[in-house]
Amino acid sequence: MKIITPGRQQKGWAKEFSCTGHGNGGGGCGAVLLVERNDLYRTSSSHYDGSSEHYVTFRCPSCGVETDVNESLPFRV
């Protein structure tokens, strides 16, 4: 394969994720998305005992469902 016209270089962190709705009740559309650092945000849930858990989440631009990222990231959100 040959590159006829080169595209722009990727700047910053980006990774492919699927829209699954993981951690948010499911219901994702299955779209494969190139998620960039600025697409991620923190969410949390509170428990009856006063404790809380924090998550890194993105919202699918196709269906609007939120998906929690279930892996370690090389930066802090």
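**A friendly note on strands and cysteines**

1. A good place to start is strand β1, residues 14-18, which pairs with β2 in the antiparallel sense over five bridges. Please keep in mind throughout that this is a predicted model. One of the pairings is easy to find by eye: Ser 18 has Val 32 of β2 as its bridge partner.

2. Stay with β2 for a moment and look at its two faces. In a regular strand, side chains alternate between the two faces of the sheet. Strand β2 covers residues 32-36, and its covered face carries Leu 33 and Val 35. Val 32, Leu 34 and Glu 36 make up the uncovered face. Val 32, the partner of Ser 18, therefore belongs to the uncovered face of β2.

3. Next comes an open sheet of three strands, in the order β3-β4-β5, with antiparallel pairing. Which strands stand at the edges? They are β3 (41-46) and β5 (66-68); each has a single partner strand, so one side of each is left without a neighbour in the sheet. On average, neighbouring strands here are turned by 45 degrees against each other, direction ignored.

4. Within that sheet, strand β4 spans residues 52-59 and is joined to β5 by three bridges, the two running antiparallel. As general background, strands of a sheet pair through backbone hydrogen bonds, either parallel or antiparallel.

5. Thr 57 is a nice residue to click on. Its place is in strand β4, and it stands opposite Asp 68 in β5. Is Thr 57 buried or exposed? With 0% relative accessibility, Thr 57 counts as buried, because the cut-off for buried is under 20%.

6. What surrounds Thr 57? Leaving aside residues up to four places away in sequence, Thr 57 touches Asn 24, Asp 39, Leu 40, Tyr 41, Thr 43, Glu 66, Thr 67 and Asp 68. With Thr 43 there is also a polar contact between the two side chains, at 2.7 Å.

7. Finally, the cysteines. How many disulfides does the structure hold? The number is zero. Cys 19 is in no disulfide, and its nearest cysteine sulfur, that of Cys 63, is 3.6 Å away. A disulfide needs the two sulfur atoms within 2.5 Å, so this pair does not qualify. Cys 29 is in no disulfide either: its nearest cysteine sulfur also belongs to Cys 63, 3.8 Å away.

8. The surroundings of these cysteines are worth a glance too. Cys 19 counts as buried, at 2% relative accessibility, whereas Cys 29 is partly exposed, with a relative accessible area of 42%.

Key. Residues are numbered from 1 along each chain as its sequence is written. This is a predicted model: local features need pLDDT of at least 70, side-chain atom pairs count only at pLDDT 80 or more; totals for chains, interfaces and linings use all residues. Side-chain values use heavy atoms; hydrogens and water are left out. Buried means under 20% relative accessible area, exposed over 50%, partly exposed in between (1.4 Å probe, protein chains only). Two strands pair if DSSP finds at least two bridges between them. Helices (H or I, at least four residues) and strands (E, at least two) are DSSP runs, numbered from the N terminus. Axes are lines fitted to C-alpha atoms, for helices over the stretch in contact, and angles run from 0 to 180 degrees between N-to-C directions. A polar contact is a pair of N or O atoms within 3.5 Å; within protein, one must be able to donate a hydrogen and the other to accept it, and residues adjacent in sequence count only if both atoms are side-chain atoms. Contact means heavy atoms within 4.5 Å.
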